[in-house]
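Trainee: Hi! Could you walk me through this one before I start working with it?
Mentor: Happy to, let's bring it up.

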Amino acid sequence: MCGIVAYLGKKVAQPILIEGLKRLEYRGYDSAGVALLDGGAIKVKKTSGRINALEEILDEPAPSDSLGIGHTRWATHGQPNTVNAHPHLDYTGKIAVVHNGIIENYATLKTWLQNEGADFASETDTEVVANLIAYFYAKEDQAPGQNKFEWAVQQALRELHGTYGLAILCSDFPDTLIGAKKGSPLILGVGSSEYILASDAAAIVEHTTQAIYLADNEMVTVTPDAFHTKTIDNVTITKDLKQIEFSLEQIELGGFQHHMLKEIFEQPDVLSTCMDGRIDRLNNRIKLGGIASYLRELTRTKRLIMTACGTAFHAGLVGEFLFEQLARIPTETEYASEFRYRNPIIEDQTVVIAISQSGETADTLAAVEQAKERGATVLGIVNVVGSSIARATDAGIYLHVGPEIGVASTKAFTAQVTVLAMLAIELGRRRHISSNDADRYIHELSQIPDKISSILDQSDHIKEIAAANLNEENWLFLGRGFNYPVALEGALKLKEISYIHAEGLPAAEMKHGPIALIVDGMPAVFIATAGPQYDKIMGNIEEVRARGGKIIVVATKGDENIKKHADHLIAVPQTPELFQPLLTVLPLQLLAYHAAVLRGHDVDKPRNLAKSVTVE
């Protein structure tokens, strides 16, 4: 959550901060602000609302302003108003802080600091950080021959419980920027005589493709000539420069109205990239280099646990079905937010697979740490290279689908399912299925990108379906087998961006209660593709029709029988049931997108949501 950007260099800082915040706005858009160091004083401008509201109140940038910090907020503590917007100053006006994360012991620290004479202006936990640094900064005589600004930051960080990504200024140090990380991402872009500190590489990539990735309990002190990294306990560490793995072009709209639509339409190409080099068509083998040294352990495993949140959880459910059917491995999928607080049973030869687009999801990261403590081998499936989950797991597989800017995940879901399918085929080949079956599945999986393209050609038709049902405020999404997780994902997409109440259900469960919700004209989206449960789901369709529901069906191309049962029909190409989620989810992504646009909503910045959930 929240977007942080800071700049130190030879250029004017304010335009760079604003440009960076715009690229990070998908991380939070409740309020925004900047702090610039000019003439020995910190100037703060902030407001509720989005970046364009901030731009309207900014002064003309001063040529001497070459150091500054900025923030776009997703509110945790305190209402999303101007007072609670970041940056926050300490009560002396010397320290400015922007923060991503949650300080869990802020209430205790706030009471103590107030007793020590500190004043507070906001309701946020972040203001505690600024005042705590100021408290130690005032005790400069205790700094042991060290830069007192850096020392004060270190002392403060040792008192904080919770998570943070921080960028910090001090008016007494007009050429110094400090960043620190624990549980929230922070990256330092290293350019030619300039540095950009940010919570996401999207704010950096226009200026440099070289960066360092801070790990937990690490900090970086940046001056015009160099940067120095150390732990918060003042132990010097060396960080290697890494190449940012995507380009500026990949985060631009490229002619599309919204990032979400762009990312939906990117799926044929990005899934081809995801499979490229991993599907050996000559020998009909799957090669997953990131986990190659763990394949024997995976082959012998007695139990798999998938853990994830949101859309990634739905991908994990598809993976559960894939692993059990192809590899005959008992598999369960757990919400990471529940897994981390239970007392999970981790037996010998249990493998845990954590799934996250950003690789920074706080609950999933905590689940990883718990699984490791209990002795499990933990693998990761993430998109962002160098992310916290990628570093915390024993090994893993990158999605390689490029940055996903749209808050509602689309291409990451299909890539996660694709990676899980490749892994399931390979484990199946080693454990259960014949080489001929493995060859057939590999061939079918490699055809998916071309089949997706034919679904995207129906975007206008799907828009018409959305328009015809635009005023309905309650929807059902129903599927069986492999398409049950797709029903969940379709309902989630509609809720996320169009604010329509929707429920995803196994179609057979409708009779056990939810059928009471059906009223005349209520849309019910059925995923009724060819497969072993086709006749059963046809019966479910008739049950809804008999009660006046409006039937929207995603069906296999060429199915003439189903036309007479549907008010609206969307056709998808034939593919084995195991891979149908990779096709059937596309119409539901487009349906949600068009419904949101037609209802006048900001698709890329949906209400109350942010892209990377780095707080609990």
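Mentor: One definition before we start: two strands count as paired if DSSP finds at least two bridges between them. Also keep in mind that this is a predicted model.

Trainee: Okay, so what does the average pLDDT come to for the protein?
Mentor: The mean is 91, and 98% of the residues score at least 70.

Trainee: Which elements have the lowest and the highest mean pLDDT?
Mentor: Helix α6, residues 248-251, is at the bottom with a mean of 75. At the top is helix α20, residues 581-598, with 98. As a general caution, where pLDDT is low the predicted coordinates should not be read in detail.

Trainee: Let's use that pairing definition. Which strand does β18 join over five bridges, running parallel, with Ala 308 opposite Tyr 335?
Mentor: That is β19, residues 331-335: five bridges join the two strands, which run parallel. In this pairing Ala 308 of β18 faces Tyr 335 of β19.

Trainee: And what about β20, how many bridges are there with β18?
Mentor: Five, again in the parallel sense, with β20 spanning residues 350-356. There, Leu 304 sits opposite Val 351.

Trainee: Is β18 mostly covered or mostly open?
Mentor: Mostly covered: the strand runs from 303 to 308, and six of its six residues are buried. Arg 303, Ile 305 and Thr 307 point one way, while Leu 304, Met 306 and Ala 308 point the other way, and all of them are buried.

Trainee: What sits between β18 and β19, and is the unit right-handed or left-handed?
Mentor: Helix α10, residues 310-327, joins β18 and β19 in a right-handed β-α-β unit.

Trainee: Is there an antiparallel sheet too, and what is its strand order?
Mentor: There is an open sheet of eight strands with antiparallel pairing, ordered β3-β2-β4-β1-β10-β9-β11-β15. Its edge strands are β3 and β15 (242-243), each of which pairs on one side only. For a look inside the sheet, take β9 (residues 187-190) and β11 (residues 210-213), which are antiparallel over three bridges. Leu 188 stands across from Ile 212 in β11.

Trainee: Switching to electrostatics: how many salt bridges are there?
Mentor: A search of the whole structure turns up 29. One of them joins Asp 65 and Lys 43, with 3.2 Å between the closest N and O atoms. Asp 65 is in the loop between α2 and β4 and Lys 43 is in strand β3, so the pair ties together parts that are 22 residues apart in sequence.

Trainee: Which of those two is buried, and which is partly exposed?
Mentor: Asp 65 is buried at 1% relative accessibility, whereas Lys 43 is partly exposed at 33%.

Trainee: Does Glu 426 have one partner or two?
Mentor: Two: Arg 429 meets Glu 426 at 2.7 Å, N to O, and Arg 430 forms a salt bridge with Glu 426 at 2.8 Å.

Trainee: Why can both arginines reach that glutamate?
Mentor: Arg 429 and Glu 426 lie three residues apart in helix α14 (residues 411-431), about one turn. Arg 430 and Glu 426 are four residues apart in α14, also about one helical turn. An α-helix has 3.6 residues a turn, so residues three or four places apart point the same way.

Trainee: How accessible are the three of them?
Mentor: Glu 426 is buried at 3%. Arg 429 is partly exposed at 21%, which is just past the 20% cut-off for buried. Arg 430 is partly exposed as well, at 38%.

Trainee: Which residues make up a salt-bridge network?
Mentor: Arg 23, Glu 206 and Glu 252 are linked in one.

Trainee: Last topic, α15: what is its span, and where do its buried residues lie?
Mentor: Helix α15 (residues 435-446) has 12 residues and reaches 16 Å from first C-alpha to last, close to the 16 Å expected. Its buried residues are Ala 438, Tyr 441, Ile 442, Glu 444 and Leu 445. Seen down the axis, those residues of α15 fall within an arc of 165°, so they line one face of the helix.

Notes: Residues numbered from 1 in each chain as written. Predicted model: local features only at pLDDT ≥ 70, side-chain atom pairs only at ≥ 80, totals over all residues. Heavy atoms only, no water. Buried < 20%, exposed > 50% of the residue type's maximum accessible area, 1.4 Å probe, protein only. Right-handed = clockwise from strand over helix to strand, strands pointing away. pLDDT = per-residue confidence, 0-100. Salt bridge = Lys/Arg side-chain N within 4 Å of Asp/Glu carboxyl O. Expected span 1.5 Å × (residues − 1). Arc of directions from axis to C-beta.
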